[in-house]
Each structure stands twice: as C-alpha cells, then as structure tokens.
Amino acid sequence: MTRAEKIKETFRETKERRKTQIAKTYCLKLQNISKAKEEKLLRAFLEAKWLYNWAIKQENIFEIDGSKVRKVQVKVGESFEERELAVLGSQVRQEIVDRIKDNIKALARLKEKGKKVGRLKPKKRVSSIPFKQYGVSHRIDFERNRIHLQKLGSFRVLGLHQIPENAELSKAVLIRKPSGYYIHITCFVPKEERPTLEKPVAIDFGIKDKLTLSNGMKIDFEVPESKRLKRLQRELARKRKGSRNREKAKQKLAREYERIENRRKDAINKIIAFLKLYSMVVFQQDNISSWHKGWFSRAVQYSGIGKLRERLSSSPLPVLEIDRFEPTSRICSKCGAYFEELKLSDRTVFCPECGNKMDRDLNACLVMLRKVSPALRVVGLDRPELTPAEREASARMLGSNPYIRVSYLCEAGSSYF
Ligand SMILES: [Zn+2]
C-alpha cells in the first residue's frame, strides 16, 4: 500500500468506527501550575490573539499554511512590530488559521443567501486555544495524571477519572476562566442503549425556573445569588478605581459569578438528562427570544428556563414544539371545551362542561400531549400517570442536586402529596 492509500484506509476505518460511538466532552482542570508555566500559558493566549488578528487581515488567507507562520506583525500604537510565535505549536497555529478560513467560508455562504454579513473583527482577548490531534498536539498520561501540551509542557490535571477506559481520545481546547485553566477534551465512547421510559412527556414552562410535567411532576430549580457574591459586590464598590486591590476584588467577583453559573449549568444538565429518558418531549414554543430584546432581558437570562428551552430545542432527543399561538391553557384536557373566563391569575382550571378540576399548568401539559396522541397512541389520559420507574429515575437523577426541588401533584391534579 502507498502512503496515500494507507491514509485513505485509516480514514475509512475511523468513519466506520464513529458510527458505533458518540462524542463526549470532558472538562479537566490544570493544577499546581508553576510561575514559569503560568507565564507560558499567558504568552500562549497572547500569541493566539496576535495570530488571529494578523490572519484575519491577510488577503491571501486561503494560501496560508498556519503551521508555517512563525512571525506576525502586531499593531502597537500607530505602527507595526514583528513578534515571534514562540509557544504556539505548529498544529495549534494551523488550527487557528483553519478555523478563520472556515468562518470566512461560512460568512460567504450566508452572503450568498442574501444575509447581511460583516467581516471578522480583531479580538481584544482570546480565551480558548485549540489542540487538534491527539497524540501530536496533546497527550494524556493517565498513570501520572498529566496532560502534555505541544510546546507548553506537561501539566497536572484534575478530572481524568471521568474518562472511561474504552474512550478514544480526540481534539482538545485549552480554556482560561477567572477560576483557572481548563482543558475540554473530546472523546469517542461506544454508544449505549438509551434507557427509556417508553412514553412521551409534555412540559409547561412556568415563569421563574418552574416546570410542570404531564405526569404531574413539578420541577423547581433555582440557583440563588450567594451571600458571598453580594459581599464581594459591596467590597468592589468600596475599592479605589485603578488600584491593585480593585483588580483583585474584580477577579474574586468574576470567580464567584463563574461558580454560580456552574451550579445553574449543572442543574440544567441534570434535568435534560432526566428528560432524555422519555421517548419524546413535547413543549410549546415561546416568545422568549423577543423578551430578550425587552427591558427585563436580564431577568430572563438569570432564570435558567431560557437556557433549558434552548438546550431542548437543539438537543438530539426527539422533541415536538407546539406553535406559540396555540391556546393550550384555555382548553379542557378532558373534554376539549374552551375556557372563556380563564384569568392569568387562576392557578386551577374548572371545566363547567365535564367537571374537570385541575392544576392549570398540568392541564396545559395534557392538552399538549393530546395533540400528539393520535401518532403516539396516548390513551386514557384523563389524569396524570406517574409510574414507579419515573419516580425512581427522578429521585436518582434530580434528587442529588440541592438546587432542584421535585414535588408531585396528586391524581386529581389539584393539590400536592
Ligand atoms: Zn371539560
């Protein structure tokens, strides 16, 4: 076999193998970073910025091989100075330039479609550096708990225990955050049979981090701002502008924000993982995107609902989004009658036609489920049905998170038990 044939063969084999695998990303934290290594890391992010800002200005970018770029022109004040890329490995440089090429191509495609597009803008700060090829640009030593990064050296990492033994390691990204340096490494692991509850579920999104499920579950998730955050905000306000102490206080505050954000992300991940057990997730589209433009956009971002909805819409699990104009809360889930008199403040619906008395959000959920029932053969849904399997799964998957509260509506749907 020639070299070219060999590469082609390997490529084909990899493609076959990927069919039986799924990609997972694991987060590792760099630890015990010495002063010298930290300086190298800072320099790497600086060089990545220089390279990026230089490359987007090159007219002949598509002829440039990033791995061969060793020096770039950097704008200093009104003039340009030459800087050496000393700590960015060849693979890293190549990937940074290739990503720019991809972005330019994507912009061109949008332009063809008649969208208004701008040019890539110079960056003030770069916070991620790509490492493309496992074994070349980066390598993990599981025995010694270390990762080796091309040209940057070896670092102790925390979190390797998450990676299963049969994982095939792939590309990685070095990320800097207020709390330190992280590696997000992509691994391919064998696909598992997805355990499923073999039934669909409908969700009503309330305001303020509250979900109602068609099985009568209510999930509340709220990650409050910590006392520490409020204290740090007060401390920052007292520090003199431009002082070193103010910088320090700012960093502490950024780290606390990151901590709270992580708790919120974790709560959302747990809820998504639970919903993945269902064969389908039904929910109503919402005009949250239009809220974002409004004056209380901050409140919406602070609630996790927007994020959760976004994750659901883009996740690979089967979802069905019902049109936002469907009056799901105004229809009786039992007989289909229309509630003329329902006010926004009514938390319970009462149907004069059939006598159905039910929690308002649960009723909306059941209306949504009914919409898909012909295809899904949902029958006899005149009350929420919660199986022991669902109860067990929710306790196991949601119970361990202190920011998630689960309660259940009783069969009649009007009170809790
Ligand atoms: Zn009715």
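Two strands count as paired if DSSP finds at least two bridges between them. Helices (H or I, at least four residues) and strands (E, at least two) are DSSP runs, numbered from the N terminus. The model is predicted, so local features need pLDDT of at least 70 and side-chain atom pairs count only at pLDDT 80 or more, while totals for chains, interfaces and linings use all residues. Residues are numbered from 1 along each chain as its sequence is written.

**Exercise 1. Lay out the six-stranded sheet and find its edge strands.**

Step 1: Write down the order. The open sheet runs β14-β13-β10-β11-β12-β17, with mixed pairing.

Step 2: Look for strands that pair on one side only. These edge strands are β14 (319-322) and β17 (404-408).

Step 3: Add the twist, which averages 25 degrees from one strand to the next. Angles run from 0 to 180 degrees between N-to-C directions, and axes are lines fitted to C-alpha atoms, for helices over the stretch in contact.

Step 4: Zoom in on one pair. Strands β10 (residues 200-205) and β13 (residues 280-284) run parallel and are joined by four bridges; Ile203 faces Phe283 in β13.

Step 5: Place the helix. α8 (residues 305-314) lies across β10, β13 and β14, at about 120 degrees to β14.

**Exercise 2. Do the same for the seven-stranded sheet, and explain why two of its strands have a free side.**

Step 1: The order of this open sheet is β4-β8-β9-β1-β7-β6-β5, with antiparallel pairing.

Step 2: β4 (128-131) and β5 are at the edges; each has a single partner strand, so one side of each lacks a neighbour in the sheet.

Step 3: Ignoring direction, neighbouring strands here are turned by 30 degrees against each other on average.

Step 4: For a sample pair, take β8 (residues 168-177) and β9 (residues 180-190), which are antiparallel and share eight bridges. Leu174 stands opposite Ile183 in β9.

**Exercise 3. Describe the surroundings of His148, and say why it is classed as partly exposed.**

Step 1: Locate the residue: His148 sits in strand β6 (residues 146-149).

Step 2: Recall the cut-offs. A residue is buried if 20 or more other C-beta atoms lie within 10 Å of its own, exposed if 12 or fewer, and partly exposed in between, with C-beta atoms placed from the backbone. His148 has 13 other C-beta atoms within 10 Å, so it is partly exposed.

Step 3: List the contacts, meaning residue pairs whose C-beta atoms, placed from the backbone, lie within 7 Å. Leaving out residues up to four places away in sequence, His148 touches His138, Arg139, Asp141 and Ser154.

Step 4: Check the loops on either side. Asn145 is in the loop between β5 (138-141) and β6, and Lys151 is in the loop between β6 and β7 (153-158). Neither is glycine, yet phi is positive in both: near 55 degrees for Asn145 and near 70 degrees for Lys151.

**Exercise 4. Characterise the hairpin of β2 and β3.**

Step 1: Strand β2 (residues 71-76) pairs with β3 in the antiparallel sense over six bridges, and Lys71 stands opposite Glu84 in β3.

Step 2: Two residues separate the strands, and Gly77 in the turn has a positive phi of about 65 degrees.

Step 3: Consider burial. Strand β3 (residues 79-84) is hardly covered, since the count of buried residues among its six residues is zero.

**Exercise 5. Test the length of helix α5, then describe how α2 and α3 cross.**

Step 1: The expected span of a helix is 1.5 Å times one less than its number of residues. The 32 residues of α5 (residues 244-275) should therefore span 46 Å, and the end C-alpha atoms are 47 Å apart, which agrees.

Step 2: Its buried residues are Glu256, Ala267, Ile268, Ile271, Phe274 and Leu275.

Step 3: Turn to α2 (residues 35-55) and α3 (residues 90-112): their axes come within 10 Å and cross at roughly 40 degrees.

Step 4: The crossing is right-handed, a label used if the near helix is turned clockwise from the far one by less than a right angle, with anticlockwise giving left-handed.

Step 5: At the meeting place, Ala48, Leu51, Tyr52 and Ala55 in α2 meet Arg93, Ile96, Val97 and Ile100 in α3.

Notes:
Contact = placed C-beta atoms within 7 Å.
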